[in-house]
Each structure stands twice: as structure tokens, then as C-alpha cells.
Amino acid sequence: MRFRGGGFEITPKRWFAPAFAVVLVGAWQAGSTSGRIDPLLLPGPVDVLETLYRELAQGDLAIHIGQSLTRLLLGWSIGSLAGLSVGLSMGLWSWCRAIGDAAISSLYPIPKIALLPLFILWLGIGESSKITTIALGVFFPMAVSVCAAVDAAPRPFIRMAQSFGLDRLSIIVKIVLPSALPAMLACARITVSTGLVLLVAAEMIGAQYGIGAYILAAGNIMDSEKLLAGVLVISLLGTCAGAVIAALERTLLRWR
Amino acid sequence: MELELRGLGHDFGSLTVLDNVSFAVRKSEIVSVIGPSGCGKSTLLAIAGGLIAPSRGSAVSLGVPPAASLNPFTFVFQDAGLLPWRTVAGNVALALEGRPLSRKAQAEIIEEVLDRTGLCGFAKAYPKQLSGGMKQRVGIARALAARPAFLLMDEPLSAVDAQTRELLMEEFLALWLRDRVSILYVTHNLDEAVRLSDRIVVLSRRPGRVREIVDVAIPQSERRRPDVASELSAMQNDIWNLLRSEARNADRELLSLERADV
């Protein structure tokens, strides 16, 4: 019999991604060294790394990163917690759902960065306006996905818990929240990048320190090496956050 | 404990699923409910166990549960109803949480029921690691942990293969012969009904009404004997004839409804 199965499985190829990266960065470096790429428009990877190292060791890049991390952590945590509580309430109480559905569908589409000037008017140019913008951007997707996850909590589990005489609070803590956990973590992955976008945008509008301000300042003096070093930092921040959430998923969702 | 169903009726919106159902489960009896699919068997069980309030009639429990009973009316569900994020021990513990028991007492009960259901080495396993039969053993272990005075079982063996079903039936009867709690057992499997029950309530097609109540006079422990086999299979045959006419009429009604729509 002629073999006619197979061919559609995705198999792990461990060396392909690093090899691809090496080829790409190698070509970039070769282009820069040979002078084909204008260093003002795109400095070579070695130069960017050197700049990044120098700025971290001597310059105040560390202060910028520290500021940005604080804003991101605060904004993301506040937004996530608020989204979690509102999403949970909308999933559990009909009146919360009625109000929440209408409010979210009208407010969700607003690009949150458009509200930053208003927040600056209300809260001043300092930290609170930036943190609020990030928190708001994280809040909506979290609320929507937690509400959907609570809706999707298997009814047979709830009925089972009721048959063993568990009270409402125990059912929320022991059945509803654990079954919503995978959706929450999946949403956290998305909101981290939303948070990063808003962080950089807010810092570009008005901040002395912060990775967004750093990139903007580098751009203004056409220092493309520093600019790319800043972009590299953001990319690393996002990758690290993703790795943290992946580790959380591995430990918390072992049962899957 | 005993349970009396008195003139039970239930509607979901304009759809009547149960109508005037009356029968009783006496002390230490196994009563099974059998009927064509969609006749309201599971609804009947949910009403009997107090999970759904009936539209008409009432489910009345008689007798005082023993003091040690944590949850007098305890369910065993179709697909076992195990929480995938809890281990076997954790799932059994759900029946004990929120009760006035020390940690040590809880652990002792868990160990005891896992031992009784043959789940000893599996306390730390997650449900996804278990076969269908093992899952249902956990479901039964969890029910036993609650020290029930009355068991409500909703097609507990419908999700397992034929061999596992046979094995679980034997184990289950052995467990029951020790404690003799009353059981209301919903099934669509005639063999289970005839092997396990003292009485079989045959329901009609929707709306479910009591079509017939069949007594099985042979003690459960003797039903595997070859000389009673023919008696049991004759009984099984009679019930099947009843069910077949119900199922056929239901199909015909559906067909005439569809024709009326055209």
C-alpha cells in the first residue's frame, strides 16, 4: 500500500528560530559594516547593543526603566483587579450585567490614550494620569473576558456544589473563579502588551523619565542608536512579562 | 431516610416535562426510574434532591437523618462531576468543606472512602489522568464521604464501557449491602435497573407520567444466580416492550408535528 497519511503535523524544530534570527541579524550587521545601510537611519546591531550597555552602565537609562516598570506594574495591577471585580460582578448579578454591558459597549471603543489630556487636567501631569490611562486600557478587556468566563463556568459543577450544600460564596471561590482562571491568564497576556503601548504613548506625551520619554528624546536629537536601544528595552520588557505569565500558567493550570 | 413523591409535575416554560408522578422510596430500597429519553428523568431526580422546585406537587422526606450524616440527600452525577483543577482527594474533600470537622478528621474520612472504593494510590491524581470508571469511583467516594442517608444517582454508569459497568455494578452493590442507604437511581439501561433495584418505575414519554411500577422480588445478592436469570430477562423483556411502544409513539408524534409545520 502506498503511504498516503501524514504531512499535516507541526513538529518542534528547535534550531530553526535561532538560525533564522542569526541569518537576519547577520545580514543587518553585514549591511551596516559594508556601509550599505545608513547608520543614521538604521545603526548596526552591535552598535545598538554597545549603546544599550553603555547607557545602562553610565547613563540614566536604568532610571527610565525603573520609572516605566513602576507605572506599568501599578497601572496593570489596578486595571486588572478592577476588571476582575467588575467582570465577576457582571457575571454574577443581573443588574450589574445590565449596567455593565451598556457602559462597556459605549466606552470600550474609545482609544484610551485620547483620554490622557483629560486625565492630565483632572489629576495633573504627574504619575496618576499615566497610571490611570494604563489601568483603563487594561480594565476593559479584563472585565469583558472575566464576565464571559464566569458565564462559561460549567453549570453542572455549580449544581454539583449546591447538591453538597456549599453556600454562594464558597461556590464563587471554589467553582466559578477556578474555572475562569485560564481565561484570566490568557487575557493577562494580551493586556500586558496593551499596557506597554499605553505606557510608551503616555510617556511620550509628558514625562521627564520613562522609556517612552527616552525614545522620544533620542529621536529629537536624531540619535538612532539610543532610540533603538530604547525599543530593544521595550521588546525585552514585553518578552519577560510574557515569560512570567507562561510560568504562572504552567504552575496554576497544571491540571489541564 | 424515605422519600415520597406526591403528584409531582414540572414545566419548563410552556413545555410540561413531568405530570402527576407519585411513588415512594422506602427505607433501604433501591428504586430505579427508567423511561424514554427526554421524559424528565433527570428533572425528577433534581426535584427529589431539592435542586429544582417543582411546579406542582411535592417531594417529602420522611425520617430523621443520622447525626453523623453531613449531607443526608447526596447526588452521584452522570459524568461523575469532578472538578478538573482538584486532585482525587481534593474532589472528595469538597463534600467535607464547610462542615464542623477538623483537618485530621477530614483526612481520615478521605482515606477511608478512597480505600473503600479501591482508589488508594490515586489520592494525588488529577481527573484527566483517570479512566471513566475511575472517575465514577471518585464520584461515589465523594458521595460516601458525605455520609448520605439517601443517594440520588443520575445515570452514574452511562459514561463507562460495558465491562467497567459490570465491574462497577458489582462493587456498588457490595458497598450498598453494607450500609443499605435508600437510593433513587435514574437510568436508561434496563440491565442496570433489573440488576440493582427493588422496584422499577417506568415513565411514559414526555410529559413523563408513571406508566407502570415493577417489583423485583429477588434479593440483589442472588441476581447473578443462573436459575433466576431467565426470570430477570423475562422482566427485562416486558419493560422493554413498554418502553418501545412509548419511544415509537414519541417518534410518531414528532413526525406528525413536523408534517403539521409543513
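**View 1. The second largest cavity comes in at about 40 Å³.** This is a predicted model. Around this space sit B:Ile140, B:Met153, B:Pro156, B:Leu157, B:Leu168, B:Met169, B:Phe172 and B:Tyr185. Sort that lining by character and you get eight nonpolar residues, with no polar and no charged ones. Helix 5 of chain B gives the largest share, three residues.

**View 2. The largest cavity has a volume of about 50 Å³.** A search of the whole structure turns up two cavities of 30 Å³ or more. Here the lining is made up of B:Thr117, B:Arg137, B:Ile140, B:Leu168, B:Glu171, B:Phe172 and B:Leu175. By character, that is four nonpolar residues, one polar and two charged. Helix 5 of chain B again leads the way, with four residues of this lining. Helix 4 (132-145) and helix 5 (162-179) of chain B each put in at least two residues.

**View 3. Where does the largest cavity lie with respect to domain 1 and domain 2 of chain B?** It lies between them, because domain 1 (2-65 + 149-261) and domain 2 (82-147) of chain B both give residues to its lining.

**View 4. Six strands of chain B make an open sheet with mixed pairing.** Reading across, the strand order is 5-6-7-3-8-9. Strand 5 (73-76) and strand 9 (210-215) of chain B are the edge strands, each with a single partner, so one side of each has no neighbour in the sheet. On average, neighbouring strands of this sheet are turned by 15 degrees against each other, direction ignored.

**View 5. Strand 3 and strand 7 of chain B run parallel, joined by four bridges.** The stretches to look for are residues 30-34 in strand 3 and residues 182-186 in strand 7 of chain B. Pick out B:Ser32 and you'll find its bridge partner in strand 7 of chain B, B:Tyr185. B:Tyr185 also turns up in the lining of the second largest cavity.

**View 6. Helix 1 (residues 41-48) of chain B packs on the sheet.** Helix 1 touches strand 3, strand 5, strand 6 (150-154), strand 7 and strand 8 (199-203) of chain B. Its direction makes about 155 degrees with that of strand 6 of chain B.

**View 7. Helix 5 of chain B lies across strand 3, strand 6 and strand 7 of chain B.** Helix 5 runs at about 155 degrees to strand 7 of chain B. This is the helix that supplies four residues to the lining of the largest cavity and three to that of the second largest.

Technical notes:
Residues are numbered from 1 along each chain as its sequence is written. Chains are lettered from A and ligands numbered from 1 in the order in which they are written. This is a predicted model: local features need pLDDT of at least 70, side-chain atom pairs count only at pLDDT 80 or more; totals for chains, interfaces and linings use all residues. Side-chain values use heavy atoms; hydrogens and water are left out. On a 1 Å grid over the protein atoms alone, a cavity is a set of points where a 1.4 Å probe fits but cannot get out, and a pocket is an open set with protein on both sides within 12 Å along at least five of seven lines; lining residues have an atom within 4 Å of a point. Grid points are joined across faces, edges and corners, and a volume is the space filled by probe spheres set on the points. Ala, Val, Leu, Ile, Met, Phe, Trp, Tyr, Cys and Pro count as nonpolar, Asp, Glu, Lys and Arg as charged, and the others, Gly among them, as polar. Domain bounds come from an automatic or database domain assignment. Two strands pair if DSSP finds at least two bridges between them. Axes are lines fitted to C-alpha atoms, for helices over the stretch in contact, and angles run from 0 to 180 degrees between N-to-C directions. Contact means heavy atoms within 4.5 Å.
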